[in-house]
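Work through the exercises below with the sequence and the structure open. Try each task before reading its solution.

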Amino acid sequence: GYNYGVPHSHQNQCEDQMECQKIRVCIRKRPLGVQEVHRGETDIISTLDKKSVLIHEMKEAVDLTEYLLQHEFHFDEVFDETCTNQDVYMKTTFPLIQHVFKGGKATCFAYGQTGAGKTHTMIGTRQKPGLYALAARDIFQLLDRSQLCQKFHVYISFFEIYCGQLYDLLNRKKRLFAREDGNHVVQIVGLREEKVASADMLLEAISWGNQERSRGASGVNTDSSRSHGIIQIQIKDLARRVFGRISFIDLAGSERAADTRDPDKVTKMEGAEINQSLLALKECIRALDQEHTHTPFRQSKLTQAPVKLYDTFLINVLKDSFIGNSKTCMIANVSPSHVSTEHTLNTLRYADRVKELKRGIKSSSVSSFKKSKVVRATSPKHCKNSCKE
Ligand code: ADP
Ligand code: MG
């Protein structure tokens, strides 16, 4: 196969990532925001080392005394609040880019509750570019350096799944449809693929699509936390055959519909839709866990039911991670605030399931999720990050 090499400056930093992991599960904790500090919210997440987190949960006993529960989790990588997008990029996405340059497929997705930092991580801003933008820079650098830009072209697409419907963000939110091809791969019909000649052009197109994403049909701003945004960067040869591909998925918020404060009925339906989708993903993970490696998708109960596009999409993401020449990186974003304790634990448990699934492939499927333990019977009202005693 092809191997076009990687920029030397990056090589050393990535060495320990270069093991053949098909799925990497990483956690990113964001800092407390200024407003949150103002409201007296406290940080309940300690990052023990670069692979472990400890959550300090305050609970109330029946006699109304408070006690502290600690939950410890281990992942492939834990990024604390001091990590930049560049730091996250080097340890999550850059190894995927190397894989893409060997003709592989890769997916990087952000999971977590609304406000946990998914969009910040995936899309970012002009000042703090997200993972896709950092990837674009390296892709063009690699192509230019090796003078492959004459042999290959870069194409991008950007679409969203909102309320179960597909919209092309590079084509005025044109409604799109998906169908499964003979190889059970979901194809999106009529999705616009824009050829881009530089990282700047790529960023420009995505930034344009991003403005579309936040705009509803009626012109009013919609809540992008309810939509899944998918950016695909493809490297194609002159005959337009796909050589390598990387996708960046900024998922809708993982919080449950019941928690949505918006009383609007439509909003509730959207919430239910998201909920259902995530539930289906969970089912998929469970099904994969049971190791019917060759035909789980056609025959599983899940795919016989009228599958929602989002489910199909994510199922394919996960499926590829197992049977295709694909690598996947999940970044579970968490908020540090005590207000989000429940969501944070949900996110970490979910990520833990994905991690277990990965272990399943390597034949031992023992969970390394440590039992939660009661630390002391009484404790201060709120737990600071330092209360590890
Ligand atoms: P989500 O997409 O998960 O709903 P956002 O990415 O929009 O969350 O993040 C919520 C807020 O927190 C934004 O104002 C964002 O700028 C900020 N934020 C998120 N992650 C970080 C981080 N690592 N460092 C600094 N600010 C962050
Ligand atoms: Mg977002």
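**Exercise 1. Ligand 1 and its surroundings**

Task: List the residues that surround ligand 1, sort them by class, and find the polar contacts.

Solution.

Step 1. The shell around ligand 1 consists of Arg 28, Arg 30, Pro 31, Gln 113, Thr 114, Gly 115, Ala 116, Gly 117, Lys 118, Thr 119 and His 120. A residue is near a molecule or strand if one of its heavy atoms lies within 4 Å of it.

Before going on, note the basis of the values: this is a predicted model, in which local features need pLDDT of at least 70 and side-chain atom pairs count only at pLDDT 80 or more, while totals for chains, interfaces and linings use all residues. Residues are numbered from 1 along each chain as its sequence is written, chains are lettered from A and ligands numbered from 1 in the order in which they are written, and side-chain values use heavy atoms, with hydrogens and water left out.

Step 2. Sorted by class, the shell holds 2 nonpolar, 6 polar and 3 charged residues. Here Ala, Val, Leu, Ile, Met, Phe, Trp, Tyr, Cys and Pro count as nonpolar, Asp, Glu, Lys and Arg as charged, and the others, Gly among them, as polar.

Step 3. Helix H5 (residues 118-122) supplies the largest share of this shell, 3 residues. Helices (H or I, at least four residues) and strands (E, at least two) are DSSP runs, numbered from the N terminus.

Step 4. Look for polar contacts (pairs of N or O atoms within 3.5 Å; within protein, one must be able to donate a hydrogen and the other to accept it, and residues adjacent in sequence count only if both atoms are side-chain atoms). An oxygen atom of ligand 1 lies 2.6 Å from a backbone N or O atom of Gly 115. For a backbone N or O atom of Ala 116, the distance to an oxygen atom of the ligand is 3.3 Å. The side chain of Lys 118 places an N or O atom 2.8 Å from an oxygen atom of ligand 1.

Step 5. Ligand 1 exposes 560 Å² when taken alone, and the protein buries 65% of that. Such areas come from the Shrake-Rupley method with a 1.4 Å probe; for residues, only the protein chains shown count as cover.

Step 6. Compare with the record: under "binding site", an unreviewed UniProt entry lists Gly 112, Gln 113, Thr 114, Gly 115, Ala 116, Gly 117, Lys 118 and Thr 119. UniProt positions are given in the numbering used here, feature names are shortened, and annotations may be inferred rather than shown by experiment.

**Exercise 2. Buried or exposed?**

Task: Is Lys 118 buried or exposed? Decide likewise for Asp 237 and Glu 194.

Solution.

Step 1. Fix the cut-offs: buried means under 20% relative accessible area, exposed over 50%, and partly exposed in between (1.4 Å probe, protein chains only).

Step 2. Lys 118 belongs to helix H5 and is buried, because its relative accessibility is 6%.

Step 3. Asp 237, in strand S12 (residues 227-237), is also buried, because its relative accessible area is 18%. A polar atom of the Asp 237 side chain lies 2.8 Å from the backbone nitrogen of Arg 241.

Step 4. Glu 194, in strand S11 (residues 194-196), has a relative accessible area of 25%, so Glu 194 is partly exposed.

**Exercise 3. Helix H6**

Task: How many residues of H6 are buried?

Solution.

Step 1. H6 covers residues 131-145, which is 15 residues. From first C-alpha to last, H6 reaches 21 Å, close to the expected 21 Å (1.5 Å times one less than the number of residues).

Step 2. In H6, 11 of the 15 residues are buried, so the helix is largely enclosed by the rest of the structure. Among them are Leu 131, Tyr 132, Asp 138 and Phe 140.

Step 3. Just after H6, Gln 147 has a positive phi of about 55°.

**Exercise 4. Far in sequence**

Task: What C-alpha distances separate Glu 77 and Asp 352 from Val 25?

Solution.

Step 1. Glu 77, in strand S5 (residues 77-79), is 52 residues from Val 25 in sequence and 7.0 Å from Val 25 in space. The side chains of Glu 77 and Arg 24 share a polar contact of 3.3 Å.

Step 2. Asp 352, in helix H12 (residues 341-361), is 327 residues from Val 25 along the chain, with 8.1 Å between the C-alpha atoms.
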